[in-house]
Each structure stands twice: as structure tokens, then as C-alpha cells.
Amino acid sequence: PEIPASPLPPDMLQTLEAKLTDANLRPHITSLSLKDKKADYDFVDKLVLLLMQHPNNITNLDLSGNSFTAQSNGRICDLVRETSNLTTLNLAGNKINGKP
């Protein structure tokens, strides 16, 4: 079944990337929540890659209620392993490849 397009603003990833690369803003970004935003597979894939590529101070990441590909799920595991700052990760209610 086709997943509806993400209701998130189309420039959200670019905005987040700009903030993560801004030395003045980066230290102040400690929490990121997409709880129940129904983000589509592509958005979550790109978001996880963005977080992996840019050092950040995010300690709380809430991706609950969204859709992932199996590849994103693996990347999230890598993100947790490689990110010493991440202390809270919420993945409740997610669908991986369309399955809860």
C-alpha cells in the first residue's frame, strides 16, 4: 500500500541541517521529536542520515508513530551506537516496511 506523503514542511530537513551545521545553534539543539507526525519512509531515512553525518548534542530523539524502512532501522541502531549524547530514544508505534 502507498504511504501518504509526510505532512511535515518540505524544507524541514534543510532547516534542521542548517541548524546542525551552525556552530552557534548546534549546542542548543538537544531534543528532536517527530512523535506521531506520520513521517514517510523517505523523510525518516534522510533524517537519520542527516543526524549520522553531522555531530550534534541531541540527547532525546522521539521518532514514535512514523514509518521506517528496514535500512533506516539499521541506521538508527548505528546512530545509537555511534552517538554518545543520545540517552533517550522512543520508537513506539512505528511501522517498518509497512508492518507494526
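Q: Which residue's side chain meets that of R81 in a salt bridge?
A: First, a heads-up: this is a predicted model. Side chains of opposite charge can pair when their charged atoms come close. The cut-off for a salt bridge is a nitrogen of Lys or Arg within 4 Å of a carboxyl oxygen of Asp or Glu, and R81 meets that with an N to O distance of 2.1 Å. The partner on the other side is D78.

Q: About how many helical turns separate R81 and D78?
A: Both residues sit in helix α3, which covers residues 70-82. They are three residues apart there, so the separation comes to about one helical turn.

Q: Is R81 buried or exposed?
A: Exposed means over 50% relative accessible area. Its partner D78 has 24%, so D78 counts as partly exposed. R81 has 63%, so R81 is exposed.

Q: How many salt bridges does a search of the whole structure find?
A: You've already met the pair R81 and D78. D42 also forms a salt bridge, this time with K46. Searching the whole structure gives a total of two.

Q: How far apart are the closest N and O atoms of D42 and K46?
A: These two are four residues apart in helix α2, so about one helical turn separates them. D42 is partly exposed at 43% relative accessible area, and K46 is partly exposed too, at 45%. They form a salt bridge, and the gap between their closest N and O atoms is 3.1 Å.

Q: Which residue has the nearest side chain of opposite charge to D40?
A: D40 lies in the loop between β1 and α2. It is buried, yet it has no salt bridge. The nearest side chain of opposite charge is 7.8 Å away, and it belongs to K46.

Q: Which residue has its backbone nitrogen 2.8 Å from a polar atom of the D40 side chain?
A: D40 may lack a salt bridge, but its side chain does have a polar atom 2.8 Å from a backbone nitrogen. That nitrogen belongs to F43.

Q: How far is D62 from the nearest side chain of opposite charge?
A: D62 is found in strand β2, residues 60-62. Like D40, which is buried without a salt bridge, D62 is buried and has none. A salt bridge needs the atoms within 4 Å, and the nearest side chain of opposite charge, K35, is away by 5.0 Å.

Q: Which residue's side chain is joined to that of D62 by a polar contact?
A: Setting aside neighbours within four places in sequence, D62 is in contact with L32, S33, L34, K35 and N90. The polar contact of its side chain is with another residue, over 2.6 Å, and that residue is S64.

Q: How far apart in space are N60 and I29, C-alpha to C-alpha?
A: N60 is also in strand β2, and at 29% relative accessibility it counts as partly exposed. Beyond four places in sequence, its contacts are T30, S31, L32, L86 and T88. N60 and I29 are 31 residues apart along the chain, while in space the C-alpha distance is 9.8 Å.

Q: What is the phi of K38, roughly?
A: Most residues other than glycine have a negative phi. D36, in the loop between β1 and α2, is not a glycine but has a positive phi near 55°. K38 is in that loop as well, and at 57% relative accessibility it counts as exposed. K38 isn't a glycine either, and its phi is positive at about 55°.

Q: How are helices α1 and α2 arranged, roughly parallel or roughly antiparallel?
A: Two packed helices are described by the angle between their axes and the distance between the axes. Here the axes of α1 (residues 12-21) and α2 (residues 41-53) are 11 Å apart, at an angle of about 5°. Angles under 35 degrees count as roughly parallel, so α1 and α2 are roughly parallel.

Q: Which residues of α2 make the contact with α1?
A: Start on the α1 side, where M12, L13, L16, E17 and L20 take part. Across from them, α2 brings F43, K46, L47, L50 and L51.

Q: In what order do the elements run from the N terminus on?
A: The protein has three helices and five strands. Reading from the N terminus on, they go α-β-α-β-β-α-β-β.

Key
Residues are numbered from 1 along each chain as its sequence is written. This is a predicted model: local features need pLDDT of at least 70, side-chain atom pairs count only at pLDDT 80 or more; totals for chains, interfaces and linings use all residues. Side-chain values use heavy atoms; hydrogens and water are left out. Buried means under 20% relative accessible area, exposed over 50%, partly exposed in between (1.4 Å probe, protein chains only). Lys and Arg count as positive and Asp and Glu as negative; His and the chain ends are not counted. A polar contact is a pair of N or O atoms within 3.5 Å; within protein, one must be able to donate a hydrogen and the other to accept it, and residues adjacent in sequence count only if both atoms are side-chain atoms. Contact means heavy atoms within 4.5 Å. Axes are lines fitted to C-alpha atoms, for helices over the stretch in contact, and angles run from 0 to 180 degrees between N-to-C directions. Angles under 35 degrees count as roughly parallel, over 145 as roughly antiparallel, 65 to 115 as roughly perpendicular and the rest as oblique.
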